[in-house]
Amino acid sequence: MDLEAVRTFVAAADAGQFQEAAAELAVTQQAVSKRIAALERSLGVRLFTRTPRGAELTIDGQAFLPHARELLRVAERAVASVRTGRRPLRVDVLSSRSAASGLMRAFHRAHPEIELDVVWLFDIETAVAAIRTGAIDASFRAVAVPGRPLPEDIESVRALDEPLQLLTGPAHALAGARSVNVAQLVGHRIWMPGIVPGTEWAAYYDDLVAEFGLTIEATGPNFGSDALLDTVADTPALATFMGGHTRLVWPAGHGLRRIPVTDPTPVYPHSLLWHRDNPHPALATLRSYLAATTTGHDAPGTWVPGWVLPD
């Protein structure tokens, strides 16, 4: 059905005259008559009766009018759903407990007027593909993994360097330490189930192992963070790494310890990715917010893999 003809019909019904409808729509009266006639042919009924005072709706026209108004409302909502600046800003944060999720919560508090859609995608290829198709506007990732450069149409900027912490149970040999340097971790079993080969975080931990001679085990099924915390709490021989901005809650009886790692401090480099031609105005606001509130990239005493682009 021709929406312009439906819009013309509603205008004529409201005005009661084709001439006034033509003036409102900025078309000729002849154009109004042609659109109404075409709509009547497609519906197989007469919608108006001409009178000396103008145009009156027939019984069929009266029946069609509320539906015509609803058609126009639906069309307007459809256009608004994809109109730049009128749809939510869609951002991938990898997981609800991640540092990126915390950044977006802080952004939402600072800019409550901006409507957000937050999603969780698995790997960088999926995220980049979603950015390029417009399924999302931005993603937080560690980028520049060796052999997998970003496409030329994808922009990125370092957003946050998140320090790693050692998480142990109360009976672990390092549980009483206020901090540990990387050398002290050599020989200790660091268990991190769920590291998937080929992902950006797998590349990060491979380089961490190669650089400092650590033992990181990714064996066994990944039952999620709760199962990981249970196992670390009950197993003195195991510890795990956790991002310093990762938000987790565990039972008081677990007695888990979060211990800063130093000399150097490994940091996980979160970057914001977006398509260079994305015009969403809230994306520029997000980038400005991150530039003003996240600092300290590549700080002295920290470590990132050599493939991570400098800030």
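In helix 1, which spans residues 3-15, E4 and R7 lie three residues apart, about one turn of the helix. In this predicted model, the side chains of these two residues meet in a salt bridge, with an N to O distance of 2.7 Å. Neither end of the pair falls into the buried class: the relative accessibility of E4 is 40%, so E4 counts as partly exposed, and R7, at 30%, likewise counts as partly exposed.

A search of the whole structure finds 12 salt bridges. One of them joins E56 and R53, whose side chains meet at 3.3 Å, N to O. The relative accessibility of R53 is 67%, and R53 therefore counts as exposed. E56 has a relative accessibility of 37% and is classed as partly exposed.

A further salt bridge is formed by the side chains of D92 and R141, at 2.7 Å from N to O. D92 belongs to strand 3 (residues 89-92) and R141 to strand 5 (residues 138-141), so this pair ties together parts that are 49 residues apart in sequence. Both D92 and R141 are buried. Salt bridges that share partners also join E4, R7 and R35 into one network.

The pocket analysis was considered next. The largest pocket has a volume of about 1,100 Å³. Its lining comprises 36 residues, and those nearest the centre of the pocket are L94, S95, M192, W201 and T246. Several elements give two or more residues to this lining: helix 5 (99-110), helix 7 (200-212) and helix 8 (225-234), together with strand 5, strand 6 (154-168), strand 10 (238-243) and strand 12 (265-275). Strand 10 gives the most, with four residues. By class, the lining of the largest pocket consists of 21 nonpolar, 11 polar and four charged residues. Strand 5, one of the contributing elements, is also the strand that holds R141, the partner of D92.

Strand 6, which is likewise among the elements that line the largest pocket, was examined for its surroundings and its pairing. Of the 15 residues of strand 6, 11 are buried, so the strand is largely enclosed by the rest of the structure. The burial class applied here requires a relative accessible area under 20%.

Strand 6 pairs with strand 12 in the antiparallel sense over nine bridges. Within this pairing, L160 stands opposite H270 of strand 12. Strand 6 and strand 10 also run antiparallel and are joined by five bridges; here T168 stands opposite A239 in strand 10. Strand 11 (residues 257-262) is a further antiparallel partner of strand 6, with four bridges between the two. The bridge partner of L166 in strand 11 is I259.

The pairing and the pocket lining thus involve common elements, because strand 6, strand 10 and strand 12 each give two or more residues to the lining of the largest pocket, while strand 6 pairs with strand 12 and with strand 10.

Definitions and conventions. Residues are numbered from 1 along each chain as its sequence is written. This is a predicted model: local features need pLDDT of at least 70, side-chain atom pairs count only at pLDDT 80 or more; totals for chains, interfaces and linings use all residues. Side-chain values use heavy atoms; hydrogens and water are left out. A salt bridge is a side-chain nitrogen of Lys or Arg within 4 Å of a carboxyl oxygen of Asp or Glu. Buried means under 20% relative accessible area, exposed over 50%, partly exposed in between (1.4 Å probe, protein chains only). On a 1 Å grid over the protein atoms alone, a cavity is a set of points where a 1.4 Å probe fits but cannot get out, and a pocket is an open set with protein on both sides within 12 Å along at least five of seven lines; lining residues have an atom within 4 Å of a point. Grid points are joined across faces, edges and corners, and a volume is the space filled by probe spheres set on the points. Ala, Val, Leu, Ile, Met, Phe, Trp, Tyr, Cys and Pro count as nonpolar, Asp, Glu, Lys and Arg as charged, and the others, Gly among them, as polar. Two strands pair if DSSP finds at least two bridges between them.
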